[in-house]
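Colleague: I should like to go through this model with you. Could we begin with the term that the charged pairs depend on?

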Amino acid sequence: MGILGLSKLIADVAPSAVKENEIKNYFGRKVAVDASMSLYQFLVAVRQEGNMLMSADGETTSHLMGFFYRTIRMVENGIKPVYVFDGKPPTMKGGELAKRRERREEAQKALDVATEAGNVEEMDKFSRRLVKVTKTHTEEAKTLLKLMGIPFVEAPCEAEAQCAILAKSGKVYGVATEDMDALTFGTPILLRHLTFSEARKMPIKEFHLSKVLVELDVTQEEFIDMCILLGCDYCDSIKGIGPKRAIELIRNHKNIDDILKHIDKKKYPAPEDWPYEEARKLFLEPEVTDPKEIELKWTEPDEEGLVKYMCEEKGFSEDRIRNGSKKLAKARTSSTQGRLDSFFKVLPQPSSGNNKRKSNEKPGSAKKPKSGGGKFKKGR
């Protein structure tokens, strides 16, 4: 789910924090990609197109097609993707996972009714709601990425949190995901629609956390509490408090603790035994692997290995797989000039406290950063 209504809130209140871009403008960038989100996208997309691919033994292979061709598209545009896979879900996410199971059960019942009635449109709608990323999908995607020479990271817990720490440490430029909670985990730059099909002609939306905080006039800690109020995967939110009310309360009271002391509890009843403090801690101190322990290495694709796996085992066309492998190899060895900022070392992001305006500073009076933002230290 991510954070309920956050993208719209940012678009309404902090529009300067979002810009639209084309994939070609990310040439030379390393990007952490939320692998589980990508898997889900690919499985749903092909189902919507009514073109679910199957191997000879009846196993779904649509996710492999998505990973293969969308990754090639990124690499051909000069992007160096690193996929990050989810680890174990935090204990607090159990409630959200239970809700998802209930929704799938309801969708299955509705699908059965639609099938009995022969309602094709309803059958398609509810079958999409039953799409689930399995362990098999995940392991197959990892096998494919190894053969393509694309690095991946297995997060100990949430993929978005691991992606965010990679971005904060300067290992990657930004995080590609549709889940807005990557910002709550502190990624400096969030990229939405990067893994979408080219046919959809949707520009990439680039969210800059530093500008979000300035425009909303909050610190990262206050932003986290606001996201909990909006609704996250770890706990329920307060009924009756929408996005505009949430930001107003955070600006006035700074944190949920003080909000609970001042709001009308009859009008805005907080959930019983509300674990917002634990949710806050999960965003502030997520379980992640130290980026210093992670080596990102892009290698030559194994063409023969790809043919054996994708063609002999999964039933894909050999010509298409060989052509794709050659595109990967060509893009990797391309002599096109790199980005200017690749000759500099990116300094770690400043602490979130530095994003807070001084108390006597009027909203909107903060100086705009010069184009190209970020501090760089000249490499040797």
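Modeller: A salt bridge here is a side-chain nitrogen of Lys or Arg within 4 Å of a carboxyl oxygen of Asp or Glu. Please note that this is a predicted model.

Colleague: How far apart are the closest N and O atoms of Asp257 and Arg280?

Modeller: They are 2.7 Å apart, and the two residues form a salt bridge. Asp257 lies in helix α12 (residues 256-262) and Arg280 in helix α13, so the pair ties together parts that are 23 residues apart in sequence.

Colleague: Is Arg280 buried or exposed?

Modeller: Arg280 is buried, with a relative accessible area of 17%, whereas Asp257 is partly exposed at 25%.

Colleague: Which residue does Arg280 meet in the 2.9 Å salt bridge?

Modeller: That partner is Asp225. Asp225 belongs to helix α10 (residues 220-230), 55 residues from Arg280, and both residues are buried.

Colleague: How many salt bridges does the structure hold?

Modeller: It holds 18. Among them is the pair Lys314 and Glu140, at 2.8 Å from N to O. Lys314 is in the loop between α14 (303-313) and α15 (318-332), while Glu140 is in helix α6 (residues 135-148), 174 residues away.

Colleague: Turning to the interior, which residues have the most contacts inside the largest nonpolar core?

Modeller: They are Leu6, Phe223, Met226 and Ile228, in a core of 95 residues. Beyond its neighbours within four places in sequence, Met226 is in contact with residues including Leu6, Leu216 and Ile250.

Colleague: And what share of the 380 residues is buried?

Modeller: Buried residues make up 44%.

Methods. Residues are numbered from 1 along each chain as its sequence is written. This is a predicted model: local features need pLDDT of at least 70, side-chain atom pairs count only at pLDDT 80 or more; totals for chains, interfaces and linings use all residues. Side-chain values use heavy atoms; hydrogens and water are left out. Buried means under 20% relative accessible area, exposed over 50%, partly exposed in between (1.4 Å probe, protein chains only). A nonpolar core is a set of buried Ala, Val, Leu, Ile, Met, Phe, Trp, Tyr and Cys residues joined through side-chain atoms within 4.5 Å. Contact means heavy atoms within 4.5 Å. Helices (H or I, at least four residues) and strands (E, at least two) are DSSP runs, numbered from the N terminus.
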